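Trainee: I would like a close look at one part of this model, namely the residues with an unusual backbone angle. Please put that part in the setting of the whole chain.

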Amino acid sequence: MLFNSYVFIGAFLPITLVVYRLLCLTGHTRLPFLWLVVASLFFYGWWNPIHVPLLMASIVANYLLGMKLTEPGASAAAKRSLLVFGITANLVVLAYFKYSMFIVDNVGALTGLDFGIQAVVLPLGISFFTFQKVAYLVDAAEGKASEYRFLDYCLFVTFFPQLIAGPIVHHREMMPQFRQPEAMRFSHADFAMGLTFFVAGLWKKVVLADTLAGFATPVFAVAGEQALTAGEAWTGALAYSLQLYFDFSGYSDMAIGLALLFGIRLPFNFDSPYKSVNIIDFWRRWHMTLSRFLRDYLYVPLGGNRKGRGRRYVNLFLTMLIGGLWHGAAWTFVIWGALHGTFLIVNHGWQALRSALGWQSSGSAAGIWVARGITFLCVTIAWVFFRAESVGEAMGMLHAMTGANGWTSAPLNLGDLYEYRDQIQIALLLALAMIAPNTQEWIMGEGGRRFAAVPRWRFTPVWAGVAAACFLFTLTRLSAVSEFIYFNF
């Protein structure tokens, strides 16, 4: 079920919310959350009910493993064995559904064998909830996770606002909220913020991202078959960079807003990543919960920066390579991860050189914009591989972007603005992403990385009218419902 669909907005959400609030009024502390688990499983099974038993079996198995890992009498060796078994089992399930066909196809290409294996249907959200469960097991083994009730754990994994495409939540961010009375009390402020986040995200997805898809998709569709001009290739690459940004940040805003309607606060996942002044900064702002997971559960266990500069660079590269594979089973994602690993190595190396030479950044406005431009250029080049269906298609795009096929197919006529309306829209939206405050900054104040006790923004009648108008306008655009890009991962 999609957030941007009539069935979700007109039926699932209001029914789930009304029943939840009515159950909260009964005084029962468990019934409202039990209802959310049932509703979330229904939400997950809407697309393919056959995967619900798989999800539940995985939840039960991981919960039991977590219980064993938190037992005070268990020895360190026993915990280590259980942890290895639990992580391996989770990764084997993920590998079967997500990577088996990739492995079979590549082995077949190398050996010439035809295994005759049919494609495996990928369960929605498996990459996201697998990482959540792995993180929980690691923390349980290290004594960082308390013993939680089964219902709390079920809701932690299945809570529908974040189940399919994140954010990748941590147990300490979610499960303690299920025991707090505040989560069951209706808050006008949270409800108003939730609606605002949801409408803002819906607008980003339906009005902005889906419009940009109309610019990007036709370009990438022919990139591997015909010679594009530089103008066409750059239009497609920039449009996709913005489409992905508004699509995923829109989903994240909607997830945060939906959770607030139920009194639950999810972590923010975006912090204006196209304002980044380097690649290190970019990964602190883009998909923040994934960056946190890769840092805490992969980069640091590999040794982080504790074993010398050379080992640090190897760890960075391996982390981003695995991060690329996490996004999809294709060589294009491997190359995307390798590019970002290389960018991070160069970035850290440059910072080390500047420090050794005593060079200080001037911090001038011009310098900041140059740094943003270089960072965005690197990110856009990597997005070409992220979007392309094949390495050949990506190379065709990059070849065209160099101007090797010419810059335009016709003489420039800058006097006719209508002729360049697509490019003008892309330029305006890029300026919006690089200059304007993001949703959480607008609502929560400067910084906007966490919920403030007293938000700067107030839900006035004027803003209520604006939100209502935006919401009604997006409803007129739902006739062509499209999936969120990260549903594929």
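Mentor: What follows goes from the whole protein to the loops around one helix.

This is a predicted model, in which local features need pLDDT of at least 70, side-chain atom pairs count only at pLDDT 80 or more, and totals for chains, interfaces and linings use all residues. Residues are numbered from 1 along each chain as its sequence is written, and side-chain values use heavy atoms, with hydrogens and water left out.

The protein has 19 helices and 0 strands; helices (H or I, at least four residues) and strands (E, at least two) are DSSP runs, numbered from the N terminus. Its radius of gyration is 24 Å, close to the 23 Å from the globule rule for 489 residues, so the protein is as compact as a globular protein of that length. That radius is taken over C-alpha atoms, and the rule is 2.2 Å times the number of residues to the power 0.38. Along the principal axes, the C-alpha trace spans about 70 × 60 × 60 Å.

Of the 489 residues, 51% count as buried, where buried means under 20% relative accessible area, exposed over 50%, and partly exposed in between (1.4 Å probe, protein chains only). Contact means heavy atoms within 4.5 Å. Among contacts between residues at least 6 apart in sequence, 75% join residues at least 24 apart.

Confidence comes next. The mean pLDDT of the protein is 88, and 93% of its residues reach 70 or more; pLDDT is the predictor's confidence in each residue, from 0 to 100. Among the elements, helix α11 (residues 279-285) has the highest mean pLDDT, 96, while helix α18 (residues 439-444) has the lowest, 82.

Now to the part in question. Most residues other than glycine have a negative phi. S272 is not a glycine, yet its phi is positive, about 50°. S272 lies in the loop between α10 (230-261) and α11. With a relative accessible area of 1%, S272 is buried.

On the other side of the helix, H287 lies in the loop between α11 and α12 (288-302). H287 also has a positive phi, about 45°, although it is not a glycine. H287 is buried too, with a relative accessible area of 0%.

For a helical counterpart, take S100, which is placed in helix α4 (residues 76-111). S100 has a relative accessible area of 17% and so counts as buried. Leaving aside neighbours within four places in sequence, S100 is in contact with A95 and V120.
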